[in-house]
There are 2 protein chains.
Amino acid sequence: MKFVIQRDQLMNSVQDVMKAISSRTTIPILSGIKIEVSYEGIKLTGSDSDISIESFIPVEENGVIYVEQIEPGSIVLQAKYFPEIVRKLPQKTVEMESDTNLQVTIRSGSAEFHLNGLDADEYPQLPQLHTENSFEIPSDLLKGLIKQTVFAVSTIETRPILTGVNMSIEDGSLSFVATDSHRLASRKIPLQSEESLPQISSVVVPGRSLNELNKIIEDSQDSIEISVTENQILFRTQHVFFLSRLLDGNYPETSRLIPEQSKTIVYSPTKELLQAIDRASLLAKESRNNVVRFQTKDGNQVEISSNSPEVGKVEEEITAKSIEGEELKISFSAKYMMDALKAIDSDQVKIEFTGAMRPFIIRPMDNDQILQLILPVRTY
Amino acid sequence: MKFVIQRDQLMNSVQDVMKAISSRTTIPILSGIKIEVSYEGIKLTGSDSDISIESFIPVEENGVIYVEQIEPGSIVLQAKYFPEIVRKLPQKTVEMESDTNLQVTIRSGSAEFHLNGLDADEYPQLPQLHTENSFEIPSDLLKGLIKQTVFAVSTIETRPILTGVNMSIEDGSLSFVATDSHRLASRKIPLQSEESLPQISSVVVPGRSLNELNKIIEDSQDSIEISVTENQILFRTQHVFFLSRLLDGNYPETSRLIPEQSKTIVYSPTKELLQAIDRASLLAKESRNNVVRFQTKDGNQVEISSNSPEVGKVEEEITAKSIEGEELKISFSAKYMMDALKAIDSDQVKIEFTGAMRPFIIRPMDNDQILQLILPVRTY
């Protein structure tokens, strides 16, 4: 195996596949990066067996040469050392070469590393996905879907299915739903496609997989192809394959959690509300489990307050755009409310309450694609 | 107590005094910030009894009004909450007011905080320094002295005196020396003064104090006044007093550690040497305790190398400007060498060796003010 490569290209691909590699793996060879060299280019692979990432560097793209002097072959290098070495190499090009004893030489300028490699034949084969269940969406839209929902997954393992995001396609719409049973975040978007869309009733993608995927994909309008089988999901961009296992089990039916009618509706500027809750939460952090009070007042005023006997209290009135329906006093987690408001990409929000003890809904004022639901806390 | 203040001024002063406040203090009132209001301005104080910092906000400076509506008084507020509150206040001005029950109201825009204060009379009095032992230096020069020496203090408490930097003034020169007994960093500068300088034979300032001081003082040519008593040192800028206790005990005589003659002298470009050692250290981090080898070769070449049986090896040759004297093979801690090279603010360094088992000296090529000394490691 031998090749000469542009260091920046190699570094980008190494950083991508590193997202899948865990230092705590129980399978020793998975602590390494697999490097496969062909006349088409260099393929890097990282995996922790839940997530596998392949990143391909073509020999040439748009007339720019990335890889030269190719002798095909493959090797596995320890992920603990290889990325730092690449990052700190002195020159823009890197030569890598392996011998029959799995010794790898990395040369750049006058620096020369000799690393002990591992046999690439011992690296597990990634499953090949054969499925018709594929569709495409722009990567910036996928990033939006992830960011607006994944924060609401459960972080505790008592109900493992809730650590994932429920993805489904129905009637030409793609929806993401996440809940930790105290709050729920969902987003639905219409898919534009010239081909017929697959029906995906419900697959549950681990939250961690989506967080790592979000770090890798670019904020661009390039398409990402998503393919689903019974227990795997593959996200494919031009040069990156991101494969994740799916979570086993049935995702709870969440639609019945969402109240269909409301008693109080508050229309509020998003940023002012977010900042007032942020301030009120400063005193609530410890003694009150981060709970703030929200109370409607005359003249479209909303009072946000919090009280911590040892530290003090805080109160602030903000002016809502309008308040409809009954008066309301309610308490909720400042953190959940701030997460929800941050996920809403709109200047104004519509908040629908059905009384102090019922879940309430936050939506952008001008569309129904995003829905955030929060269970209140009993304090009054 | 009452005043209206510019939030940015208040925030800066709060951040300064926070550097002295420890959340793990055994004296409860020292977990607070003392606020003293007079017709001259607002004085904030933070202390952990080792370090005390006072920051003063004048009523007016250069024609800009910082504080208005003053009613003198004082209070102590919990440092755990107050800084975040100030940082997140919605408006540029802040009104603070306390009542006879030690309740403090903070108003900014429509936000209103009520905090439980503590009695300022219970806050310990800072010692008043009465001393003639004062001198001034520009703050950027003081920052340089700190950065070039303080990293070499000991971080373990077996010899407490080595956790400080030894400061002395002799013959019109100020010198800082730090050593952890494996390496030594020192810098000496001539003091320019129209008045007669004090003689300070040796005071030992805790490394932590200098690190915190370095965060507070600006990189400017404004003067800092330094005053020393038997057990305290005071650094004074226009609006900040930084008071630290001194370490008890005798600092070891370090001048005799410094070899007076050398057998090999290497003149090398600083950055190339630093980067080559950084790369060589990548494989040395764990298995070899961060030790790299340094070997002179023909033609002004220096080989930097490292070898870790499990991982691999690395070698690199750099071209020295010149090599004088005997051939040399030596091993040393990559971390110590990198710390030393980073502290030297010069393109070229002069390294003087007295054999593989003796301490060696690194200096900027063009001046003798900075001296870094490292003890080698026995490997050959």
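This report describes a predicted model with chains A and B, moving from chain A as a whole to the interface and then to selected residues.

**Chain A as a whole**

Chain A contains six helices and 28 strands. Its C-alpha atoms occupy a box of roughly 80 × 50 × 40 Å along the principal axes. Of its 380 residues, 54% count as buried. When contacts between residues at least 6 apart in the sequence of chain A are considered, 66% of them join residues at least 24 apart.

One part of chain A carries a record. An unreviewed UniProt entry assigns residues 1-127 of chain A the annotation "domain: DNA polymerase III beta sliding clamp N-terminal". In the model, this span is 15% helix and 47% strand, and its end C-alpha atoms lie 25 Å apart.

**The interface between the chains**

At the interface, 29 residues of chain A are in contact with 29 residues of chain B. The area buried between the two chains is about 2800 Å², and carbon and sulfur atoms give 53% of this area. Between chain A and chain B, 16 residue pairs are in polar contact, with both residues at pLDDT 80 or more. On the side of chain A that touches chain B, at least two residues come from each of helix H2 (82-88), strand S11 (111-116), helix H5 (270-284) and strand S23 (312-319) of chain A. The residues on this side comprise twelve nonpolar, five polar and twelve charged ones.

Two salt bridges are found across the interface of chain A and chain B. A salt bridge joins the side chains of Lys88(A) and Asp278(B), with a distance of 2.9 Å from N to O.

**Glu316(B)**

Glu316(B) is located in strand S23 (residues 312-319) of chain B. Is this residue buried or exposed? Glu316(B) counts as buried because its relative accessibility is 6%, and the limit for a buried residue is under 20%. Its side chain makes a polar contact with the side chain of Arg279(B) at 2.7 Å. Residues up to four places away in sequence aside, Glu316(B) touches residues of both chains: Ser110(A) and Ala111(A), together with Ala276(B), Arg279(B), Val302(B), Glu303(B) and Ile304(B).

**Asn300(A)**

Asn300(A) belongs to the loop between strand S21 (291-297) and strand S22 (301-308) of chain A. This residue counts as partly exposed because its relative accessibility is 29%. Apart from neighbours within four places in sequence, Asn300(A) is in contact with Ile318(A), Thr319(A), Ala320(A), Lys321(A), Ser322(A) and Ile323(A). Asn300(A) and Ile323(A) are 23 residues apart in sequence, yet their C-alpha atoms are 5.7 Å apart in space. A polar atom of the Asn300(A) side chain lies 3.2 Å from the backbone nitrogen of Ile323(A).

**Helix H6 of chain B**

Helix H6 of chain B spans residues 334-343. Eight of its ten residues are buried, so the helix is largely enclosed by the rest of the structure. The buried residues are Ala334(B), Tyr336(B), Met337(B), Met338(B), Asp339(B), Ala340(B), Leu341(B) and Ala343(B). At the start of H6(B), a side-chain oxygen of Ser333(B) comes to within 3.2 Å of the backbone nitrogen of Lys335(B).

**Selected atom pairs**

The table collects distances already described.

| First partner | Second partner | Distance |
|---|---|---|
| Lys88(A) side chain | Asp278(B) side chain | 2.9 Å |
| Glu316(B) side chain | Arg279(B) side chain | 2.7 Å |
| Asn300(A) side chain, polar atom | Ile323(A) backbone nitrogen | 3.2 Å |
| Ser333(B) side-chain oxygen | Lys335(B) backbone nitrogen | within 3.2 Å |

How values were computed:
Residues numbered from 1 in each chain as written. Chains lettered and ligands numbered in written order. Predicted model: local features only at pLDDT ≥ 70, side-chain atom pairs only at ≥ 80, totals over all residues. Heavy atoms only, no water. Helix = DSSP H or I, 4+ residues; strand = E, 2+ residues; numbered from the N terminus. Buried < 20%, exposed > 50% of the residue type's maximum accessible area, 1.4 Å probe, protein only. Polar contact = N/O pair within 3.5 Å; in protein donor to acceptor, adjacent residues only side chain to side chain. Contact = heavy atoms within 4.5 Å. UniProt positions renumbered as here; feature names shortened; annotations may be inferred. Buried area = accessible area lost by both parts, 1.4 Å probe. Salt bridge = Lys/Arg side-chain N within 4 Å of Asp/Glu carboxyl O. Nonpolar A, V, L, I, M, F, W, Y, C, P; charged D, E, K, R; others polar.
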